[in-house]
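Open the model in your viewer and keep the selection panel at hand. We will go from stop to stop, picking a few residues each time and looking at what is there.

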Amino acid sequence: MIWLEGVSCQRNGALVLDMVTLGVARSELIVVEGTAGSGKSTLLALAAAARMPDRGAVWFAGRNTTTLQRASLPFVRRNIGFCTADPLLLPDDTVLANVILALAVRGESPARAEQLAREALDLVRASELENRVVSSLSVGQRRLVALARAVAGPPPLVVADEPAAGVGDEARAIVTYALTAARDAGSAVLAATADSALADQLVSHGGRRIHLDQGRIAGAPAIGLVPALTPDPLPLGTFQPRVITLEVDDAAVGDLPPATRGPS
Amino acid sequence: MKIVWLARHVRGQAHAHRWLVLAAFAAFALVAMVVGGARLGARTMARWGAFVGQNVHVIVYLDDGVDQARARDFAELLRRVPTVAQVSIVEPDAALARLSTSAAALGVDGKTLDGLESAYFPRSLELSLTPAADLSERASDLAKRLRPVPGVVQVDAMGSGLARLAVWVKLGRRLGVGVLAALALVTVGLLIAVFLRSRGAGARRAAVLVQLGETDAGIRLPASLWMATAAAAGAAVGGLTLALSWQPLIGRLERTLGITANAPFPSLDRAEVSAGMAMVLLVGLAMGYFATPLPRIHDGA
């Protein structure tokens, strides 16, 4: 579903990501673990098409998003449920309205959007908050609402940056449950955390863990994980570059505009 | 964006920013009143100017024995006087008609004039003098010279009264321009405040929608629509208020000042109203559009 190919990013002249290659297939959950400043958030921003790399390419459902016109990027983003470390919500709107907004952008009908939004809130055990205004919520509750918005649908790709930061054990379990549920529903899930307890929980539920250290995937000099791109997942470090075809599910991706296909 | 969502977003945003909607409504109502008022004011001034500019500085009332032919000869003689610009003969019928019109304009009961006949009015000559700084003195001087002329019953030098009225009209024009300028300043200030507040309120929503994958047009359209709707509604109410209040207000003012202008009452025609509404809609759409700042995505070096 998402394939980051040798991506590099700089911030204020410092290299934040250095030639990272990473792929996440449908029904796969990858948790990126790393310390603060290791480049996790930048990596996830690239995956969510919220930022473009300085070098390399990001393929989403067979389209190279780095070569798409700026006007086409929204059609990529609406297929990605992105939960940032600092949840970006509308403070004056209700919880339900915030979750519905993502589904409205994807073109769901109002009735269907409301139903899916309620299901997503139920998934993160936040149903009782649906009529609350976001500005009245605690930081932890806002994270859960942002996560519900990210998994509502669910979209083809869920990207969650520090989804359990500052929440308790119970909320951590809810986050794990929501992300694995999205994965089980067919989404590709990419999560990043510095919280090893959350990473352990996600791995114990079938997630794959990779470590990001100073902008590089630990143990992978140039190429990261691409487990679902081949019939049999390859062990870390044994991946041999070859001609591959990304699995493309146009029906799931929705109204993405025509663009250059991925490697074939 | 689907129409149903667009309608919901417009309604939702208008509800969320209802004070801004009200401010935009008030601002555009003021815009309509200031712009419309300026146009109507200019036309009212022209109407009053026409009244003042009838330029009748001296009226010569002729004896009953002076017939039309002698009156024409007399007028021809007066036209040759260097300071006289124009001479017109007012027949008794025309004089009675003017009196009736003036009386009606001043609200005098029509029955008061019922008994009057045109024969009661003398034939008269209305003299306009060439423009000069000492107009009233020249009018008085000419009147003094005309009084002993045979066939002249009475001579009225009106220069001083008209000069006074002209001064009042000029003062009224200056006051009107001042009031309009002050209102225009308030309006512009209100519009800028509405724009900046809308921009602040729209920034976070735009950031959220960009993250969710909304297109630029989809992000900006709801704000454009609610702003344009508020602008059109405000302008319509402002224009209607002006249309309903202008004529009675000016009519009362004219009665107070004793102005009996013959030109029709000024009003805004359909083309002007349509052009104004179209302009207001465009400005509203543009204000909403530019009041929604889009966050820039970092697209690499």
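Begin by selecting helix H6 (159–212) and helix H7 (216–257) of chain B: each of them supplies at least two residues of the lining of the largest cavity. Helices here are DSSP runs of H or I with at least four residues, strands are E runs with at least two, and both are numbered from the N terminus. H6(B) gives the most to this lining, with five residues. In full, 14 residues line the largest cavity, and B:Gln13, B:Ser198, B:Gly202, B:Ala223 and B:Thr292 lie nearest its centre. Show those five as sticks to find the spot.

How many cavities of 30 Å³ or more does a search of the whole structure find? The search finds three, and the largest has a volume of about 110 Å³. A cavity is a set of points, on a 1 Å grid over the protein atoms alone, where a 1.4 Å probe fits but cannot get out; lining residues have an atom within 4 Å of a point. Grid points are joined across faces, edges and corners, and the volume is the space filled by probe spheres set on the points.

Before moving on, a word on conventions. This is a predicted model, in which local features need pLDDT of at least 70 and side-chain atom pairs count only at pLDDT 80 or more, while totals for chains, interfaces and linings use all residues. Residues are numbered from 1 along each chain as its sequence is written, chains are lettered from A and ligands numbered from 1 in the order in which they are written, and side-chain values use heavy atoms, with hydrogens and water left out.

**The rest of chain B**

Colour chain B by secondary structure. You should find eight helices and four strands, following the pattern α-α-β-α-β-α-β-α-β-α-α-α along the sequence. Of its 301 residues, 37% count as buried, where buried means under 20% relative accessible area, exposed over 50% and partly exposed in between (1.4 Å probe, protein chains only).

Next, select B:Tyr289 and B:Phe290. They form the one aromatic pair that a search of the whole structure finds over all chains. Their ring centres are 5.1 Å apart and their planes lie at 85 degrees, so the pair is edge-to-face. For this label, rings of Phe, Tyr and Trp (its six-membered ring) must have centres within 6.5 Å; planes under 30 degrees apart count as stacked, over 60 as edge-to-face and the rest as tilted. B:Tyr289 is partly exposed at 36% relative accessibility, and B:Phe290 is partly exposed at 48%.

Add B:Arg220 to the selection. Its charged end sits over the ring of B:Tyr289, 4.2 Å from the ring centre; the criterion is NZ of Lys or CZ of Arg within 6 Å of the centre and within 35 degrees of the ring normal.

Now step to B:Pro295, in the segment after helix H8 (270–290) of chain B. B:Pro295 is partly exposed, at 39% relative accessibility. Draw a distance from its C-alpha to that of B:Val210: the two are 85 residues apart along the chain, yet separated by 7.7 Å.

**Two helices called H5**

Select residues 135–146 of chain B, which make up helix H5. Its 12 residues should span 16 Å at 1.5 Å a residue, and the end C-alpha atoms are indeed 16 Å apart; the expected span is 1.5 Å times one less than the number of residues. Which residues of H5(B) are buried? They are B:Leu135, B:Ala139, B:Leu142, B:Ala143 and B:Leu146. These cover an arc of only 100 degrees around the axis, which puts them on the same side of H5(B); the arc is that of the directions from the helix axis to the C-beta atoms. On the other side, B:Lys144 and B:Arg145 are exposed.

Switch to helix H5 of chain A, residues 139–151. H5(A) is largely enclosed by the rest of the structure, because 10 of its 13 residues are buried. Among them are A:Arg143 and A:Arg149.

**Backbone stops in chain A**

H5(A) is followed by A:Gly153, with a positive phi near 130 degrees. A cis peptide bond joins A:Gly153 to A:Pro154, with omega about -10 degrees.

Finish at A:Ala61, in the loop between strand S4 (55–60) and strand S5 (63–64) of chain A. A:Ala61 is not a glycine, but its phi is positive, about 50 degrees. Its relative accessible area is 0%, so A:Ala61 is buried.

How values were computed
On a 1 Å grid over the protein atoms alone, a cavity is a set of points where a 1.4 Å probe fits but cannot get out, and a pocket is an open set with protein on both sides within 12 Å along at least five of seven lines; lining residues have an atom within 4 Å of a point.
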